[in-house]
Amino acid sequence: MSSATPHSTQEPTYDLLIVGGGINGAGIARDAAGRGLSVLLVEQDDLASYTSSSSTKLIHGGLRYLEYYEFRLVREALIERERLLSMAPHIIWPLRFVLPQSQSPRPAWMVRLGLFLYDHIGGRKTLPGTETLNLDTAPQGRGLSPIADTSKGKAFVYSDCWVEDSRLVVLNAMDAAARGARIETRTRLTGATSQNDTWTAQIEGPDGAREVRAKMLVNAAGPWVDKVLQRLGRAKNDRGVRLVKGSHIVVPKLYEGDHAFMLQNPDRRIVFAIPYERDFTLIGTTDEPWTQEPGKAEISEAETAYLCETANRYFDRTTTPADIAWSYAGIRPLYDDHAANASAVTRDYVLDFDRPDTGAPMLSIFGGKITTFRKLAEHALEHIAHVFPQAKAAWTGGAILPGGEIPGGDFARFVQDLTRRFPQMPGALLHRLARAYGTCAETILSGAQTPADLGEDFGGGLHAAEVDYLVTHEWARSAEDILYRRSKLGLHVPEGTAARLDSYLSHSA
């Protein structure tokens, strides 16, 4: 499955033209292609370039959303949590969260009641439930600062899951392509008109500009959803997107252990501290209104100070801006429910179907969160079923994503099997490849016995065979695509690797 398939000279009229290569666009493309619809997805940059690679990287129900009575959203997300875990056990895994109560602005009974609901409203089957710990004696208390005298107090511990967010997008796009969808990155929608139930759209990509035709347009442009509506003359006063910036910092490891922390601040906002890339701790997120044009965002000094202050409130080790190894920020395109503050804006999604008396139909996606992408896609296809009566039934619930065909979902045993079959390969390399690619790692390793057999070594365990795989199968085109979206090896490679990688890519294009 090459991501560089040449265009047909007689391009068909597609059933769906999807604008946006984030998690929602990729999820809808996968679902639609699996139902037998013809799909063209265009993304102006790389897959998951913006919001979908800038999350806190959690598959979770959203414990704090219970405070805003978002019971339907939380229940749906909790149901999806275990479903996604079974669909992609290589890039999604369970994570325990420690919730200290010593500095909580919420009474313990309220937090425990919320956790009781969290444990029970989503039909939890495999993940362990909530327990209570004494942080003075439990190992999870190591690294935390004492609050009152010498006591660290008690904590509740609950379950959620970690996800490699940008890889989740890519896997959906890969599965969509395997089922017949066309995925075109670095390709921008420049305009479109509809007549006689058909869209004629102008798109511009690496091979130049061309026109395509589609029976329906799906606007999954994320932060640009309003811009697309305005460009096509379909904007509405009662539908809109509210842009909220969320920023994260990555610092040297603040504590030992594979658990995460959910930290409660005096302003009632929540910040997570999560083990990251072996040697680091990920701290985030913030919630700041974004009033500029959508696009690349960077963390502000105020956000940096806020996250450092939060870490210093809880951990022994002092964190300063000088300690930050990496930071990232994303613009979340939330449905505008006119909430008073950014933290309270709903994370639920709204599907807006528009079919004027004259003209072709259009579906716009407002809001959403990475955990509910599959259900959102399923709802989107239900929403437009009357337009495509030939479409097959829903199918994605439990359908394994590429690389997830790990026997019994037993990741540890899968790694052991790889280690047995490739005894001359470093264990750390095999573990990373297994985590990133699951069973698809065998394509990279095929015919190799030693690291030298994988070709040029770019550092950090990245070899030419992996780069070639990412170009051929995963639409990677730049060093940034590879080092910070397909992987997080940018934190591990030596200085100059990005330049070497871009040179290699330019010569192999």
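On a 1 Å grid over the protein atoms alone, a cavity is a set of points where a 1.4 Å probe fits but cannot get out, and its lining residues have an atom within 4 Å of a point. Keep that in mind for the first stops. You're looking at a predicted model, where local features need pLDDT of at least 70, side-chain atom pairs count only at pLDDT 80 or more, and totals for chains, interfaces and linings use all residues. Numbering runs from 1 along each chain as its sequence is written, and side-chain values use heavy atoms, with hydrogens and water left out.

**Stop 1: the cavities**

Searching the whole structure turns up two cavities of 30 Å³ or more. For the volumes, grid points are joined across faces, edges and corners, and the space filled by probe spheres set on the points is what gets counted.

Select Pro-100, Ser-102, Gln-103, Leu-135, Leu-144, Ser-145, Ile-147, Lys-152 and Tyr-314: they line the largest cavity, whose volume is about 50 Å³. Its lining splits into five nonpolar, three polar and one charged residues. In that scheme Ala, Val, Leu, Ile, Met, Phe, Trp, Tyr, Cys and Pro count as nonpolar, Asp, Glu, Lys and Arg as charged, and the others, Gly among them, as polar.

Next, pick Leu-429, Leu-433, Ile-444, Leu-454, Gly-461, His-463, Ala-465 and Glu-466, the lining of the second largest cavity. Two elements give two or more residues to this lining, α9 (427–437) and α11 (464–474); helices here are DSSP runs of H or I with at least four residues, strands are E runs of at least two, and both are numbered from the N terminus. The volume of the second largest cavity is about 30 Å³, and by class its lining has five nonpolar, two polar and one charged residues.

**Stop 2: salt bridges around α12**

The structure holds 41 salt bridges, each being a side-chain nitrogen of Lys or Arg within 4 Å of a carboxyl oxygen of Asp or Glu.

Show Arg-186 and Asp-481 as sticks: they form a salt bridge with the closest N and O atoms 2.9 Å apart. Arg-186 sits in the loop between β7 (182–184) and β8 (188–195), Asp-481 in helix α12 (residues 479–486), and the two are 295 residues apart. Is each end buried or exposed? Arg-186 is partly exposed at 27% relative accessible area, while Asp-481 is buried at 0%; the cut-offs are under 20% for buried, over 50% for exposed, and partly exposed in between (1.4 Å probe, protein chains only). While Arg-186 is on screen, check its backbone: phi is positive, about 55°, although this residue is not a glycine.

Now move to Lys-296 and Glu-480, a salt bridge whose closest N and O atoms are 3.8 Å apart. Lys-296 is in the loop between β15 (288–289) and α6 (301–314) and Glu-480 in helix α12, so this pair ties together parts 184 residues apart in sequence. Lys-296 is exposed at 53%, and Glu-480 is partly exposed at 40%.

For a third pair, select Glu-442 and Arg-421, which meet in a salt bridge at 2.9 Å, N to O. Glu-442 belongs to helix α10 (residues 441–445) and Arg-421 to helix α8 (residues 411–421), 21 residues apart. Both are partly exposed, Glu-442 at 28% and Arg-421 at 32%.

To finish this stop, select Asp-46, Arg-167, Arg-186, Lys-296, Glu-474, Glu-480, Asp-481, Arg-485 and Arg-486 together: salt bridges that share partners join them into one network.

**Stop 3: backbone oddities**

Which residue in the loop between α11 and α12 should you click? Go for Trp-475: its phi is positive, about 60°, although it is not a glycine. Trp-475 is buried, with a relative accessible area of 3%.

Then jump to the peptide bond from Gly-284 to Thr-285, which is cis, with omega near 15°. Thr-285 is in the loop between β14 (280–284) and β15.

**Stop 4: the annotated C-terminal stretch**

Colour residues 406–492, which an unreviewed UniProt entry lists as "domain: Alpha-glycerophosphate oxidase C-terminal". UniProt positions follow the numbering used here, feature names are shortened, and annotations may be inferred rather than shown by experiment. Over this range the chain is 53% helix and 6% strand, with the end C-alpha atoms 27 Å apart.

Last selection: Gly-490, in the loop between α12 and α13 (497–508). Gly-490 is buried at 19%. Leaving out residues up to four places away in sequence, Gly-490 touches Leu-483 and Tyr-484, where contact means heavy atoms within 4.5 Å.

Technical notes. 1 Å grid on protein atoms, 1.4 Å probe; cavity = no way out; pocket = protein on both sides within 12 Å on 5 of 7 lines; lining within 4 Å.
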